[in-house]
Amino acid sequence: MSGSANANLLVNSGFENGYSMPYYWNTWGDGDYLWQNSGAHSGSRCMNLGGSDFALMYQRVSGNADEGYTVKVWAKSASAGGMGEIKLEFHDSSQTKIVEYRQYIYPSTEWLEYSVAGVAPGGTTYVTATVVGLAGTTVSYDDVSLVEEIIGAGACC
């Protein structure tokens, strides 16, 4: 989905809306998914991921080859030594991963902003933003964004 430059391509990026889990977010992993109604970076909700195993949440949107994308998120350790990661992934039309870029989330009890960026390779049809809580830790996430940076034809200086 080609949107205007700098528009967040994710829906429910602050985890505010949902029934038993935030709408529009997919989960994978056997860890804990704790949808918190306090302690958020902004709004009233955030996600705690991790626990005894890894836990990740993601959204996949349409993307364009040869365009730049950036995933940003606010995160903090919800447990001592909590570590996680954010990922930017590019997929082809069959949703097979072509390449991924990742940024680790390091322990901090304060909300810090993290980002990871990359250029979509040829064959890209989908772009995925992922937040991960690693096994043995718990990380809080809020305010996730996926932004397309238009760098294709017509880009200038």
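The following dialogue works through how to read several features of this predicted model.

User: How many helices and strands does the protein chain have, and in what order do the elements run?

Analyst: Secondary structure is the usual starting point. The protein chain has zero helices and 10 strands. Read from the N terminus, its elements therefore form the series β-β-β-β-β-β-β-β-β-β.

User: How does the radius of gyration of the protein chain agree with that of a compact globule?

Analyst: One sets the value for the chain beside the value expected from the number of residues. For 157 residues a compact globule would have a radius of gyration near 15 Å, and the protein chain, at 15 Å, agrees with this. The C-alpha trace spans about 45 × 30 × 30 Å along its principal axes.

User: What share of the residues is buried, and what does the accessible surface come to?

Analyst: A residue counts as buried when its relative accessible area is under 20%. In this protein chain, 42% of the 157 residues meet that condition. The accessible surface is about 7,400 Å², and carbon and sulfur atoms account for 49% of that area.

User: How far apart are the mean positions of the positive and negative charges?

Analyst: The protein chain carries 7 positive and 16 negative charges, and their mean positions are 3 Å apart.

User: Which strands does strand 4 pair with, and in what sense?

Analyst: Pairing is read from the bridges between two strands. Strand 4, residues 55-62, pairs with strand 1, residues 26-28, over three bridges in the antiparallel sense. Within that pair, Asn26 is opposite Tyr58. Strand 4 is also joined to strand 9, residues 126-133, by eight bridges, again antiparallel. Here Met57 faces Val131.

User: Is strand 6 enclosed or open to its surroundings?

Analyst: Burial can be followed residue by residue along a strand. All eight of the eight residues in strand 6, residues 84-91, are buried, so the strand is largely enclosed by the rest of the structure. Gly84, Ile86, Leu88 and Phe90 point one way, while Glu85, Lys87, Glu89 and His91 point the other way; both sets are buried.

User: Which strands pair with strand 6?

Analyst: Strand 7, residues 97-105, runs antiparallel to strand 6 and is joined to it by eight bridges. Leu88 has Tyr101 of strand 7 as its bridge partner. Five residues lie between the two strands of this hairpin, and one of them, Gln95, takes a positive phi near 65 degrees. Strand 6 also pairs with strand 9, antiparallel and over eight bridges. In that pairing Glu85 has Val132 as its bridge partner.

User: Where is Gly63, and is it buried or exposed?

Analyst: Gly63 belongs to the loop between strand 4 and strand 5, the latter being residues 68-77. Its relative accessible area is 11%, so Gly63 is buried. Sequence separation and spatial separation are to be read side by side. Gly63 and Lys76 are 13 residues apart in sequence, and their C-alpha atoms are 29 Å apart.

User: What is in contact with Thr125, and how accessible is Thr125?

Analyst: Thr125 sits in the loop between strand 8, residues 112-119, and strand 9. A relative accessibility of 27% means that Thr125 counts as partly exposed. Apart from neighbours within four places in sequence, the contacts of Thr125 are Val61, Ser62, Gly63, His91, Asp92 and Ser93. Its C-alpha atom is 34 Å from that of Gly136, 11 residues away along the chain.

User: What share of the contacts in the protein chain joins residues at least 24 apart?

Analyst: Taking contacts between residues at least 6 apart in sequence, 72% join residues at least 24 apart.

Key
Residues numbered from 1 in each chain as written. Predicted model: local features only at pLDDT ≥ 70, side-chain atom pairs only at ≥ 80, totals over all residues. Heavy atoms only, no water. Helix = DSSP H or I, 4+ residues; strand = E, 2+ residues; numbered from the N terminus. Rg over C-alpha atoms; globule rule 2.2 N^0.38 Å. Buried < 20%, exposed > 50% of the residue type's maximum accessible area, 1.4 Å probe, protein only. Contact = heavy atoms within 4.5 Å. Areas by Shrake-Rupley, 256 points an atom, 1.4 Å probe, with all protein chains shown as cover. Lys, Arg positive; Asp, Glu negative; His and termini not counted. Charge placed at Lys NZ, Arg CZ, Asp CG, Glu CD.
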